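Visitor: Can you walk me through this one? I'd like the helix packing, then the chain contact.

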Amino acid sequence: MKFLLTLALFLLASTGLAHAAGPAMAATVKQPTNWHAIGMFAFFVSITFGITYWASKRTKTTNDFYVAGGGITGFQNGLAIAGDYMSAATLLGLSAMAYGRGFDAYIYMLAFFAGWPIILFLMAERLRNLGRFTFADITSYRLNQSSVRTMAAISSLVVVIFYLIAQMVGAGQLIKLLFGLDYNVAIFLVGILMVVYVAFGGMMATTWVQIIKACLLLFGGSLVCILAMSQFDFSFTKLLTQVEAVHKLGPKFMAPGALLPDPITAISLGLGLMFGTAGLPHILMRFFTVNDAKEARKSVLYANGFTGYFFNVIFLLGLCAVVIVGQNPEFFEGGKVGGTLIGGGNMVVMHLSKAVGGNMLLGFLAAVAFATILAVVAGLALAGAAAISHDIYARVIKKGTATEKEEVRVSQIATVALGLIAVILGIAFQKMNIAFMVGLAFGVAAAANFPVLILSMYWKGLTTRGALWGGYGGVISAVTFVVLSKSVWVDVIGNKEALFPYTQPAIFAMPIAFGLAYLMSVTDNSASAQAEKALWEDQYVRAQTGFGSSGTVKVKH
Amino acid sequence: MSSEMYERMRSNPKFQKLVQVRGRFQWTLSIIVLVMFYGYFLVVAFAPGVLVKKITEGSMWPIGYTVELFLFIFFWLTTLYYVIRSNSEFDEMRADLINDAQMMEGK
């Protein structure tokens with residue numbers, strides 16, 4: 001507990017530092033220090049510290065640390081999953097995309113959304129019935145523990161770290177703009193808060209921070225939407241008429257555009273977003289925080305409802321901003337309507353909140369955006385820490401002989417290490433175009449995690465050799481395709497032409513992963529492969545009935 | 001031994017029935033969602049011009065937006081239907097099955 005206090009003090013000191021640095025930085029940063037936002041954010045942080053303290057008292061065992069003791073209800077977990085899914089990138093990036101490109105943003109949102117029903121129908125039940133802490137529990141259920149777990153942990157970490165860097169860099173830039181804080185101070189603040197939540201409060205604190213933030217985000221987004229729509233008498237017809245009249249795309253505003261230049265990109269994007277969701281470690285982990293398959297199903301129902309609702313709100317926000325923000329010289333640099341937005345393209349929804357609700361609402365939404373980043377990075381850090389401590393340390397290195405205490409200790413150390421890595425890489429990548437990192441995270445999730453996971457749940461014939469070839473083949477091909485595509489080969493490395501013509505890897509990388517897993521399994525005639533297939537029957541009954549799964553029906557002896 | 005329990009459940013005809021009925025239900029809903037989603041994406045990819053037309057003459061509602069809004073709602077309704085049926089009918093079958101196996105163990 002002393003350590004927590006020291007950290008809290010350090011944190012307060014660093015916030016004070018940031019305040020002091022505020023006026024000095026005003027010259028280089030466009031936005032002045034936003035006291036409304038800082039006040040509301042400080043309030044949020046103090047509440048989450050209270051929760052973390054409360055959670056730390058209840059976090060003793062690995063079961064507490066990784067899955068909050070398995071006692072989260074379906075409704076709470078639904079909010080938390082929705083919270084994990086509605087990152088700052090969603091709020092700011094998708095509203096900006098709707099503002100700039102119109103209908104493309106809505107297509108993108110459907111692709112993000114449509115993974116949920118599939119996860120529910122084909123995966124939720126089996127995930128909950130077979131898994132305990134990480135999705136590697138399922139892929140390695142009847143396969144070789146050491147090698148399959150190592151593979152799953154590596155691809156989880158690849159996804160977590162790419163996603164984390166993208167969130168950190170986005171966070172730094174955002175906070176610089178919204179709060180008027182220095183980039184490095186912002187990155188440190190996010191890193192420290194994330195480590196405090198996860199290391200002390202484990203999944204309990206991470207989940208509640210996520211729930212509170214999801215409620216704030218849903219409330220804030222809805223409020224701005226209602227205020228903005230009231231200017232159009234809540235009429236979609238009136239809104240769209242004005243949007244098409246003033247936007248540079250005109251009547252093409254509601255047409256699919258440049259985002260999906262060709263059929264292959266369109267289908268590949270659909271595949272990557274849909275099945276990428278089903279392979280994100282921090283989302284999969286949430287299925288183990290509820291008591292049984294029944295609550296797991298309810299979680300998806302609520303999560304799906306909240307995200308679907310919120311995507312529609314965001315799209316309307318983008319449309320309203322076209323008329324309300326896009327016509328107001330106050331929000332453009334030098335007062336030139338149609339020029340550069342103050343603070344850059346991602347500030348659309350922030351300007352809209354100021355236009356319809358003044359500085360108070362702007363401050364509130366800015367604080368919510370900051371809270372969103374914190375909650376999402378905390379979930380990511382926990383998933384990464386679990387891959388290190390549960391999969392690699394406890395199962396591969398210690399072969400299951402580690403005590404509860406040791407395992408929790410290692411996961412706390414892993415959390416601190418991940419926090420450090422996130423801060424260092426967040427600063428290192430500050431000036432780079434990091435958009436590709438989210439693509440990479442989804443690409444690896446869709447091409448490495450998802451194929452092996454779904455095969456391990458549905459296909460008796462999967463063997464260790466097949467899982468390893470499929471998993472590593474998926475990681476390597478997804479990363480290679482992204483590196484050779486325009487977003488890295490041209491935009492980051494600086495070559496003239498991309499070697500791989502598409503920006504979305506899923507349509508190529510997923511078949512490679514599935515194909516390798518299949519070929520290497522059916523040609524595997526080893527004795528161990530036979531033994532693995534023999535274990536299928538019991539796994540199958542457990543997957544179907546939930547009998548013997550953690551936290552549900554107890555075996556009667 | 002839980003392995004014996006699994007064996008008992010597997011040989012129970014109720015298990016075969018649960019797996020069959022629920023499996024068909026899960027795959028039917030999945031295929032409906034996948035066909036609608038990728039069907040829509042094929043229209044986006046090959047005939048984007050259709051989506052920008054208005055639903056009726058004089059209306060401001062484009063076909064694309066209207067269809068997609070419907071998909072958002074429809075997909076959510078499929079999850080609602082799935083959860084209602086799974087949490088009642090299938091969970092009862094499942095509990096019944098486990099009960100049977102435990103009764104046999106007691107004998």
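**Helix 16 and its neighbours**

Guide: Helix 3 (62–67), helix 9, helix 10 and helix 15 (348–397) of chain A are among what covers the buried residues of helix 16 of chain A. Helices are DSSP runs (H or I, at least four residues), numbered from the N terminus. This is a predicted model: local features need pLDDT of at least 70, side-chain atom pairs count only at pLDDT 80 or more, and totals for chains, interfaces and linings use all residues. Residues are numbered from 1 along each chain as its sequence is written, and chains are lettered from A and ligands numbered from 1 in the order in which they are written.

Visitor: Which residues of helix 16 of chain A are buried?

Guide: Among them are E407(A), V408(A), S411(A) and G426(A). Buried means 20 or more other C-beta atoms within 10 Å of the residue's own, with C-beta atoms placed from the backbone.

Visitor: Now helix 9 and helix 10 of chain A. At what angle do they pack?

Guide: About 125 degrees, with their axes 8 Å apart. That makes helix 9 of chain A oblique to helix 10 of chain A (oblique: not under 35 degrees, not over 145, not 65 to 115).

Visitor: Which residues meet there?

Guide: From helix 9 of chain A, M168(A), A171(A), G172(A), I175(A) and K176(A); from helix 10 of chain A, Y183(A), A186(A), I187(A) and V190(A).

Visitor: And the chains: how many residues does each give to the contact?

Guide: Chain B gives 43 residues and chain A gives 45 residues. Contact means C-beta atoms, placed from the backbone, within 7 Å. Helix 4 of chain B brings the largest share of chain B's side, 20 residues.

Methods:
Contact = placed C-beta atoms within 7 Å. Helix = DSSP H or I, 4+ residues; strand = E, 2+ residues; numbered from the N terminus. Axes fitted to C-alpha atoms, helices over the stretch in contact; angles between N-to-C directions. Buried ≥ 20, exposed ≤ 12 C-beta atoms within 10 Å, placed from the backbone.
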